[in-house]
Amino acid sequence: MKHSFQSAQDQARAKLLSVDGVTMDHIIAIDHEIAKLRAQVPEFSVSSLTAFLQSIGWSIQPFDHVILSCLKLESFAYGKQSFAVDAEEVKLIFICTDKGSESNQLRLLLHEMGHILLHHDLKQMSASEEAQANYFEFCCLLKHHSPVETSVAKRTASLLAVLALCILFASLFFYSWFALEKNNSFSLTPATSPREEMAKEIPSDPNTIVYIASAGQKFHKAGCMYIKDKSNVIELTLEEAQALKKEPCSKCFGDGSST
């Protein structure tokens, strides 16, 4: 049900914006006045609005030929069901009560209040001002009127909340992915102690004993996993291994690939 009210209000706004001379600033101003009125008059009725108007210096006057004649308003009132007059100290809202029900009187009263609260030219009303008063009346009669500023603010807040959640989930995803990759890199590259790093350095003494497999291209230290339990291992000096163009075992000396 609330959605249908919102849809009707959006349609009314679109209709008002189609009138020449009406901008979004006018709609915001109207919504602001409606919000102020609702804050002072929670329930709209002829009696509650009459009391409010009296508090700001206005009086409600049924159509009366004598009064209209005295104020020289007969021609001005011709064909109208309601109108407002602000002449010096006289502030009157004339409403035709002959044929109208209370709901119709409420509608007419809200229409004239729209002109008054929006500070329209009461002597010579423009089509734009009439359209604005119609919108004021329509929105006041809606039980769930939502000011355009509030609607935009709520939609903006919702979009920002969704964006914040997206950023949060993306951050958590990339953090988890980075942590997993980091753990994998640690598991694939075993830690090496400083002693092992020192042990992997190629000795500077050319007479250091190293070992090679008869068909291998690397020289190793004693006990290397690549020559252990092999029967074709040859013992020679580092100088001799280098003269044979043998390269250091990566496991033993940390340089080159092993065979």
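A polar contact here is a pair of N or O atoms within 3.5 Å, where one must be able to donate a hydrogen and the other to accept it. Keep that cut-off in mind for a lysine in this predicted model.

The residue is Lys246. It sits in the loop between α10 (238-243) and β7 (247-248). Lys246 is buried, yet it has no salt bridge. The nearest side chain of opposite charge belongs to Glu247, 10 Å away. A salt bridge needs a side-chain nitrogen of Lys or Arg within 4 Å of a carboxyl oxygen of Asp or Glu, so Glu247 does not qualify. What does the side chain of Lys246 reach instead? It reaches the backbone oxygen of Gly216, at 2.7 Å. That distance lies within the 3.5 Å cut-off for a polar contact. Gly216 is also among the residues that Lys246 touches, once residues up to four places away in sequence are set aside. The others are Ile212, Gln217, Lys218, Phe219 and Ala241.

Now turn to the sheet. Three strands form an open sheet in the order β1-β3-β2, with mixed pairing. β1 (59-62) and β2 are the edge strands, each pairing on one side only. Neighbouring strands are turned by 25° against each other on average, direction ignored. Helix α6 (residues 102-117) packs on this sheet and touches β1, β2 and β3. The direction of α6 makes about 145° with that of β3.

Look closer at β2 and β3. Strand β2 (residues 82-87) runs antiparallel to strand β3 (residues 90-95), and six bridges join them. Phe83 stands opposite Phe94 in β3. The two strands form a hairpin with two residues between them. In the turn, Glu88 has a positive phi of about 55°.

Terms used: Residues are numbered from 1 along each chain as its sequence is written. This is a predicted model: local features need pLDDT of at least 70, side-chain atom pairs count only at pLDDT 80 or more; totals for chains, interfaces and linings use all residues. Side-chain values use heavy atoms; hydrogens and water are left out. Two strands pair if DSSP finds at least two bridges between them. Helices (H or I, at least four residues) and strands (E, at least two) are DSSP runs, numbered from the N terminus. Buried means under 20% relative accessible area, exposed over 50%, partly exposed in between (1.4 Å probe, protein chains only). Lys and Arg count as positive and Asp and Glu as negative; His and the chain ends are not counted. Contact means heavy atoms within 4.5 Å. Axes are lines fitted to C-alpha atoms, for helices over the stretch in contact, and angles run from 0 to 180 degrees between N-to-C directions.
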